[in-house]
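Here is a short briefing on one model, arranged by topic. Please keep the structure open while reading.

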Amino acid sequence: AWTLDRKPYPRLLHGTFIKKRALYSEFLAKVSFLQGLSHVGLIQLADALQPETFVQGQYLIRYGEEGQWFYLILEGTVEVLGRDGANAVIPVCEFSRGDCVGEMEFLYGHRTVADVRAKTPEVRAAKLNRAHFELCMGPIKELLKSSRQADPVFTYYRTRRSFDQDSSVAAGSPVFGLAPAQAPVPAAPVQPVVPRQVSFNLAVEDTSGPSQAEGPSEK
């Protein structure tokens with residue numbers, strides 16, 4: 001068996017940490033919606049991000065759950081699947097390199113209003129939990145809200161969130177709950193996402209391997 005001396009091991013860990021910070025910081029600096037973060041803020045965000053890999057068909061986010069993670073897409077494409085008035089699955093949009101998913105649930109405190117599923121053979125992402133999101137993204141939360149309000153890509157999110165809240169209040173249930181499945185959702189035009197181009201070859205080693213989450217057997 002191979003062993004490491006006490007002194008080289010901490011140096012190895014420190015070197016890996018510094019490499020991860022440098023690569024993530026350079027990537028994050030080129031993501032448009034993060035332009036409002038200071039240099040220190042970008043470093044804090046880079047340090048807090050955790051890498052995760054998904055294979056085609058696996059879910060980053062599932063509809064109707066309490067949001068646990070914010071994901072930044074590093075490589076690959078994910079598809080967003082919403083629900084219509086009959087609660088049937090409908091395609092909403094796609095997100096690719098440099099985009100993020102899961103922030104709406106953190107910004108507005110509601111349950112997830114769509115599935116997010118890996119579309120390409122492999123999707124590499126970096127994730128952030130709610131506590132770290134509040135810490136790292138706090139300075140630009142209002143800016144992020146404003147950008148989402150103005151972006152036509154998020155028409156479905158705004159419509160579904162408002163409908164779920166109105167239906168929950170009418171039913172006497174907490175606003176955090178979901179709307180009844182049979183209730184109609186106002187139709188809203190959805191425009192396809194134009195992928196944000198980020199010209200940087202990120203090569204952070206992801207030792208976690210493919211996520212073990214399984215997609216549903218039928219959809």
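S4 and S5 form a hairpin, with five residues between the two strands. In the turn, Asn 87 has a positive phi of about 65°. The model is predicted. The points below start from this hairpin, then move to the sheet, the cores and a helix pair.

**The hairpin and its turn**
- Strand S4 covers residues 78-83 and runs antiparallel to S5, with six bridges joining the two.
- Glu 79 in this pairing faces Glu 94 of S5.
- Arg 83 has Val 89 as its bridge partner in S5.
- Asn 87 sits in the loop between S4 and S5.
- The phi of Asn 87, near 65°, is positive although the residue is not glycine.
- Is Asn 87 buried or partly exposed? Its relative accessible area is 30%, so Asn 87 counts as partly exposed, since buried means under 20%.

**The sheet**
- Four strands make an open sheet in the order S2-S7-S4-S5, with antiparallel pairing.
- Which strands stand at the edges? They are S2 (59-61) and S5 (89-95). Each has a single partner strand, so one side of each lacks a neighbour in the sheet.
- From one strand to the next, the twist averages 30°.
- Strand S7 (residues 115-118) pairs with S4 in the antiparallel sense, over four bridges.
- Within that pairing, Val 80 has Val 116 of S7 as its bridge partner.
- In general, strands of a sheet pair through backbone hydrogen bonds.

**Burial of S4**
- How many of the six residues of S4 are buried? Six of the six are, so S4 is largely enclosed by the rest of the structure.
- In a regular strand, side chains alternate between the two faces of the sheet.
- Both faces of S4 are covered. One side carries Val 78, Val 80 and Gly 82, and the other carries Glu 79, Leu 81 and Arg 83; all are buried.
- Glu 79 and Arg 83 are thus on one face, and each has a partner in S5: Glu 94 stands opposite Glu 79, and Val 89 bridges to Arg 83.

**The nonpolar cores**
- The largest nonpolar core has 25 residues. Leu 28, Phe 33, Leu 34, Leu 45 and Met 137 touch the most other members.
- Helices H1 (8-28), H2 (39-48), H3 (103-108) and H4 (130-137) each supply at least two residues of this core, as do strands S3 (69-75) and S8 (122-129).
- H2 gives the largest share, four residues.
- A second core lies apart from this one. It has 22 residues, including Tyr 71, Val 92, Val 101 and Val 153.
- What does Met 137 contact, beyond its neighbours within four places in sequence? Its contacts are Phe 33, Leu 34, Leu 37, Leu 45, Phe 70, Leu 128, His 132 and Leu 144.

**The H2-H4 pair**
- H2 and H4 pack at an angle of about 165°. Their axes are 9 Å apart.
- That angle makes H2 roughly antiparallel to H4, because angles over 145 degrees count as such.
- The two helices, H2 and H4, cross in the left-handed sense.
- Gln 44, Leu 45 and Ala 48 of H2 meet His 132, Cys 136 and Met 137 of H4.
- Leu 45 and Met 137 thus appear at this helix pair and in the largest core.

Terms used:
Residues are numbered from 1 along each chain as its sequence is written. This is a predicted model: local features need pLDDT of at least 70, side-chain atom pairs count only at pLDDT 80 or more; totals for chains, interfaces and linings use all residues. Side-chain values use heavy atoms; hydrogens and water are left out. Two strands pair if DSSP finds at least two bridges between them. Axes are lines fitted to C-alpha atoms, for helices over the stretch in contact, and angles run from 0 to 180 degrees between N-to-C directions. A nonpolar core is a set of buried Ala, Val, Leu, Ile, Met, Phe, Trp, Tyr and Cys residues joined through side-chain atoms within 4.5 Å. Buried means under 20% relative accessible area, exposed over 50%, partly exposed in between (1.4 Å probe, protein chains only). Contact means heavy atoms within 4.5 Å. Angles under 35 degrees count as roughly parallel, over 145 as roughly antiparallel, 65 to 115 as roughly perpendicular and the rest as oblique. A crossing is left-handed if the near helix is turned anticlockwise from the far one by less than a right angle, and right-handed if clockwise.
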